[in-house]
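Visitor: Could you walk me through reading salt bridges and a helix in a model like this?
Guide: Sure, let's look at it together.

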Amino acid sequence: MAKAAKGAAPEIHGRHLLFVDVETTGLTYQDRIVTLGYLALDLDSHRAGAPPAHFGHYIFNPGQPSNPFAAAVHGYDDWTLRHQQPFPDHADHILPHFEKADMIVAHNASFDERFIRTAFGEAGLSLAEKRFHCTMRAWRALHGSPAGLDPVITRLGLKSRGKQHGALEDAWLCMRVYLSLNGLECPGEPADFRQLGARPVNWIDPEPRPIRGARKIAGGY
């Protein structure tokens, strides 16, 4: 279990925290969410030893191709993504978890907030003016750079993520960084956490890819 960062100043704001991460088709304002992971943590229950109250992992059809560099990170090709449901199909179910939170926490929060607010807006919903807290900025203020998630989790003694990043995994790691910064212990993983991390709850198996020249070979023309 990672130890709390020495000398960490309290950063706790409210009881209900939501740790989030998104993987996207790219970095621009025209890009869209591919996957969303979140964990809801009630601090009173956490201090009593309870695991995160709710967690979710969703995959979406972003309606556009992924930048090759982004695809290498999130690990889903365009063929797979075009068979998934769009964000608006699940927005009504996801929004209450954001609305209940006293604070939403992400590593590099300005990035996640931009994409999340855009996605809800395109679904015809409005995310209230919630406080977004950035663990990257908090870590940098206390320890300096580098403050990206990979060097931070390495310093905390946690296993490296590898080249591909999962949204639920990164939300979990963000939670561990936040708890460490605030001198709190990390809860154990829920029983089905890793299974959901590997297969989003709304996953749809894509159709088999068409084989080039299959009709010509089968039909003899």
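Visitor: Is arginine 117 buried, exposed or partly exposed?
Guide: Buried means under 20% relative accessible area. This is a predicted model, and in it arginine 117 comes out at 22%, so it counts as partly exposed. Glutamate 113, at 23%, is partly exposed too.

Visitor: What does arginine 117 form with glutamate 113?
Guide: The general test is a side-chain nitrogen of Lys or Arg within 4 Å of a carboxyl oxygen of Asp or Glu. Here the closest N and O atoms are 2.9 Å apart, which makes a salt bridge. Both residues sit in helix H5, four residues apart, or about one turn.

Visitor: And what does the rest of H5 look like?
Guide: Helix H5 runs over residues 109–122 and reaches 20 Å from first C-alpha to last, close to the 20 Å expected. Its buried residues include Phe111, Phe115 and Phe120. The buried set packs against strands E1, E2, E4 and E5, plus helix H4. Just past H5, glycine 124 has a positive phi of about 80°.

Visitor: How many salt bridges does the structure hold?
Guide: Nine. One of them pairs arginine 15 with aspartate 44, at 3.4 Å between the closest N and O atoms. Arginine 15 lies in the segment before E1 and aspartate 44 in helix H1, so the pair ties together parts 29 residues apart in sequence.

Visitor: Which residues join into one network through shared salt-bridge partners?
Guide: Arg15, Asp42, Asp44 and Arg47.

Definitions and conventions. Residues numbered from 1 in each chain as written. Predicted model: local features only at pLDDT ≥ 70, side-chain atom pairs only at ≥ 80, totals over all residues. Heavy atoms only, no water. Helix = DSSP H or I, 4+ residues; strand = E, 2+ residues; numbered from the N terminus. Expected span 1.5 Å × (residues − 1). Buried < 20%, exposed > 50% of the residue type's maximum accessible area, 1.4 Å probe, protein only. Contact = heavy atoms within 4.5 Å.
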